[in-house]
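Trainee: I've got a protein open on my screen and I'd like to learn how to read it. Can we go through it together, one question at a time?

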Amino acid sequence: MKLGRNNLKVASIAKGKIILTDGKEEIKLADKKENLKLEEDVSVFVYDNPKGERVATTKAPLIEVGEVKNLKVVDKTKYGYFVDIGLDKDIFLPFQKRTGRINVGEYYLMHLYIDRSDRLCVSMDIKDKLKLNDSFEVNDTVSGTIYEIDERGAKVAIDDSYDGLILKEELKGIYKVGDKVEARVQRILKNGMITLTIRQKSYKQMHTDAEMLLELLKKHNNTLPLGDKSDPEEIKKLTGLSKKAFKRAEGALYKEELVELYPEKIVLKKK
């Protein structure tokens, strides 16, 4: 009997034991269902129980074969991890199907599949299971989960369904696989790929950046060695901002008469 979702018929009922069939094979129903009748159709999930027996259950698991869901890692062994899918047996996550560092007790996006040994397993390699854009427009605000981080940036599963990317230069702070993010759709490429930014539109972001720059000044004895003539890479390294965003932020502070601006430094005014 194939693993996963099956539509079967009740083949026999005897002493509380219910046997189901697909017309070719038979399988035991693990549940105690007193209201089932002979020849009745029933939708079940087929899996191997903790004893290694292939059984069926009417209980819905947390994930179906082929789906992507947020699942909890519950144990670690020398071969991989085990993940809770809501049944009496946890499902194996092989080390080679892991993305980045993960921790027992935390949740990560995974998809359920059947491996070559005819076992249910989960994988964090979900890119091919995500859709390209057919719902979003530029500047839409979206929520998502980081499912991988590489040299390009953070790959995000928008609504756990659509593929998105926050480019490396747009990332501020430390992020890890499994983090939830709020972002804005920056661009939609011709192939439907979505690029995201965790920054707001410039006129909104300016105030956030200005507050951050003010705190940075206070931490650096009221002076930063950055100004209009500073190299963009130096500005990025010290503040995490592009030169354009930095100039907007320092301009906002200047208008509030909080700082003095120089070609190669910015100084916090004394009160």
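**Starting from one lysine**

Mentor: Let's begin with Lys 9, which lies in strand S1. Keep in mind that this is a predicted model.

Trainee: Okay, is Lys 9 buried, partly exposed or exposed?

Mentor: Look at the relative accessible area, which is 34% for Lys 9. Buried means under 20% and exposed means over 50%, with partly exposed in between. So Lys 9 counts as partly exposed.

Trainee: Which acidic residue does the side chain of Lys 9 meet in a salt bridge?

Mentor: Start with the contacts: leaving aside neighbours within four places in sequence, Lys 9 touches Ile 19, Leu 20, Thr 21, Glu 39, Glu 40 and Asp 41. A salt bridge needs a side-chain nitrogen of Lys or Arg within 4 Å of a carboxyl oxygen of Asp or Glu. For Lys 9, the N to O distance of the salt bridge is 2.8 Å, and the partner is Asp 41.

Trainee: How many residues apart are Lys 9 and Asp 41 along the chain?

Mentor: Lys 9 is in strand S1 (residues 4-14), while Asp 41 is in strand S4 (residues 41-48). The pair links distant parts of the chain, and the separation is 32 residues.

Trainee: And is Asp 41 buried or exposed?

Mentor: The cut-off for exposed is over 50% relative accessible area. Asp 41 comes out at 55%, so Asp 41 counts as exposed.

Trainee: How far apart in space are Lys 9 and Arg 116?

Mentor: In sequence, Lys 9 and Arg 116 are 107 residues apart. In space, going from C-alpha to C-alpha, the distance is 28 Å.

**Other charged pairs**

Trainee: Which helix holds both Lys 218 and Glu 215?

Mentor: These two form a salt bridge, with the closest N and O atoms 3.9 Å apart. Both are partly exposed: Lys 218 has a relative accessible area of 47%, and Glu 215 has 42%. They sit three residues apart, about one turn of the helix, and that helix is H1 (residues 202-219).

Trainee: What is the N to O distance between Lys 69 and Glu 67?

Mentor: Lys 69 is partly exposed at 33%, and Glu 67 is partly exposed at 30%. Their side chains meet in a salt bridge, at 3.5 Å.

Trainee: How many salt bridges does a search of the whole structure find?

Mentor: Some of them join up: Asp 48, Arg 54 and Asp 118 are linked in a network of salt bridges. For the whole structure, the search finds 11.

**A buried threonine**

Trainee: Is Thr 195 buried or exposed?

Mentor: Thr 195 is in strand S15 (residues 194-197). Not counting residues up to four places away in sequence, Thr 195 touches Leu 165, Arg 184, Val 185, Gln 186 and Arg 187. The relative accessibility of Thr 195 is 4%, so Thr 195 counts as buried.

**The whole protein**

Trainee: How many helices and strands are there in the protein?

Mentor: We've already met strands S1 and S4, as well as helix H1. The full count is three helices and 18 strands.

Trainee: What is the radius of gyration of the protein?

Mentor: The globule rule gives 18 Å for 271 residues, and the protein is well over that, so it is more spread out than a compact globule. Along its principal axes, the C-alpha trace spans about 90 × 40 × 35 Å. The radius of gyration is 27 Å.

Conventions: Residues are numbered from 1 along each chain as its sequence is written. This is a predicted model: local features need pLDDT of at least 70, side-chain atom pairs count only at pLDDT 80 or more; totals for chains, interfaces and linings use all residues. Side-chain values use heavy atoms; hydrogens and water are left out. Helices (H or I, at least four residues) and strands (E, at least two) are DSSP runs, numbered from the N terminus. The radius of gyration is taken over C-alpha atoms; the globule rule is 2.2 Å times the number of residues to the power 0.38. Buried means under 20% relative accessible area, exposed over 50%, partly exposed in between (1.4 Å probe, protein chains only). Contact means heavy atoms within 4.5 Å.
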